[in-house]
Amino acid sequence: MTQPKIVIRDLQKFFGEGKQQTQALKDIELAIQANEFITFVGASGCGKSTLLRIIGGLEQHNAGDVLVNGQAIQGAGIDRAMVFQHYSLYPWLGVRDNIRFCRRLQAHTDDCSQADVEAASGRTDALIRLMGLSAVEHAYPNQLSGGMQQRVAIARALMAKPDILLMDEPFGALDAQTREVMHDLIRHVFKLEKTTIIFVTHDVEEGIYLGNRVVLMAPRPGRIDSIYEVPLPAERHQDMKHSPEFLQLKRQILDRIRETSGMKTDFDLLQQLTNTSVPM
Ligand SMILES: Nc1ncnc2c1ncn2[C@@H]1O[C@H](COP(=O)(O)OP(=O)(O)OP(=O)(O)O)[C@@H](O)[C@H]1O
């Protein structure tokens, strides 16, 4: 059995002090294999982003272990890249320079050879092609649509060939059509780059379509409630969203989110409304 890429053991996370203290994550146990695409879903406040940030080394945990390749993480590292909902591109740089900016900074601090610089340039070209940015490579961020800006942010995150890509609701601000395009693009990136991807989303359909496994988290305190294997082949296409197995899993996960959070679905609210008699 190969060693998992990421192992999380007995992880605890608290925010605040004394009476104000809340437990954001409790008893988290999770193993993620190399080249796995795993998605986190669950009601608001169940700790999805906090867990992602801890794996990324952007947040400290209070107890437990987070191991990457068997080693405890020490803060952020070049092996883990993050993509957020709000693409923080540099407005004064064009697409190509945004993608390679961090790499250029690194080149100044490391003792970089000409071969390294050329390799970085080749990598930029490859990512521009992979992310479908060739036509806009000299454009500035404010000349791009939201979807295009997010492509640039993903290309930039991939620049250093991270082992692990951590994505926090990266498509949350995009319209439905653009999201679908981005779903297929990110599955394509996953296939070619062979990165391990952890993807946080509110959208259960997105979580199933993208993931090999879906981790359902529950709130108060944030914990892992259940994990679902996605019964879809590696090659995904949009029609699969209408297949009986997809719809059944979606129903099952939505029901479980409702049970664990006390949330009402639109369907429940409609039933409640129709059962309430209006006084004449
Ligand atoms: N910096 C912070 N200080 C205090 N409490 C925090 C902080 N960050 C998160 N929390 C709390 O920790 C819990 C988990 O938050 P987190 O943002 O990880 O949940 P989430 O599942 O990602 O929510 P959402 O889906 O709404 O983004 C929440 O109760 C939140 O209020």
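**Exercise 1. Two helices in contact**

Is the crossing of H4 and H5 left-handed or right-handed? Determine also how the two axes are related and which residues form the contact.

*Solution.* The structure is a predicted model.

Step 1. The crossing of H4 and H5 is right-handed.

Step 2. Helix H4 covers residues 146-158 and helix H5 covers residues 176-193; they pack at an angle of about 15°, and their axes lie 11 Å apart.

Step 3. Angles under 35 degrees count as roughly parallel. H4 and H5 are therefore roughly parallel to each other.

Step 4. On the side of H4, the contact is made by Gly146, Gly147, Gln150 and Leu158. H5 contributes Thr178, Val181, Met182 and Glu193.

Step 5. By residue class, the contact of H4 with H5 divides into three nonpolar, four polar and one charged residue.

**Exercise 2. The surroundings of Phe14**

Locate Phe14 in the secondary structure, classify its exposure, and list its contacts beyond its neighbours within four places in sequence.

*Solution.*

Step 1. Phe14 belongs to strand E1, which comprises residues 6-15.

Step 2. A residue is buried if 20 or more other C-beta atoms lie within 10 Å of its own, and exposed if 12 or fewer do. Phe14 has 15 C-beta neighbours inside 10 Å and therefore counts as partly exposed.

Step 3. Once neighbours within four places in sequence are set aside, the contacts of Phe14 are Gln21, Thr22, Gln23, Ala24 and Asn62.

Step 4. The separation from His61 may be given in two ways: 47 residues in sequence, and 7.7 Å in space from C-alpha to C-alpha.

**Exercise 3. Backbone features in loops**

For Asn35, Glu169 and Pro221, state the loop in which each is found and describe the backbone feature concerned.

*Solution.*

Step 1. Asn35 is found in the loop between strand E2 (22-32) and strand E3 (37-42). Its phi is near 60°, a positive value in a residue other than glycine. With 15 other C-beta atoms within 10 Å, Asn35 is partly exposed.

Step 2. Glu169 occupies the loop between strand E7 (164-168) and H5. Here phi is near 45°, again a positive value in a residue other than glycine. Glu169 has 19 other C-beta atoms within 10 Å, and 20 or more would be needed for a buried residue, so Glu169 is partly exposed.

Step 3. Pro221 lies in the loop between strand E9 (213-218) and strand E10 (223-229). The peptide bond from Arg220 to Pro221 is cis, with omega near -10°.

**Exercise 4. The shell around the ligand**

How many residues surround the ligand, and which element gives the most to the shell?

*Solution.*

Step 1. The ligand is surrounded by 14 residues, the closest being Phe15, Ala24, Ser44, Ser49 and Thr50.

Step 2. E2 and helix H1 (48-56) are the elements that give two or more residues to this shell.

Step 3. H1 gives the most, with three residues.

Step 4. The composition of the shell is three nonpolar, ten polar and one charged residue.

**Exercise 5. The chain as a whole**

Summarise the secondary structure, the share of buried residues and the sequence range of the contacts.

*Solution.*

Step 1. The chain contains eight helices and ten strands.

Step 2. Of its 280 residues, 33% are buried.

Step 3. Among contacts between residues at least 6 apart in sequence, 71% join residues at least 24 apart.

Notes:
Residues numbered from 1 in each chain as written. Predicted model: local features only at pLDDT ≥ 70, side-chain atom pairs only at ≥ 80, totals over all residues. Axes fitted to C-alpha atoms, helices over the stretch in contact; angles between N-to-C directions. Helix = DSSP H or I, 4+ residues; strand = E, 2+ residues; numbered from the N terminus. Parallel < 35°, antiparallel > 145°, perpendicular 65-115°, else oblique. Left-handed = near helix turned anticlockwise from the far one by under 90°. Contact = placed C-beta atoms within 7 Å. Nonpolar A, V, L, I, M, F, W, Y, C, P; charged D, E, K, R; others polar. Near = placed C-beta within 6 Å.
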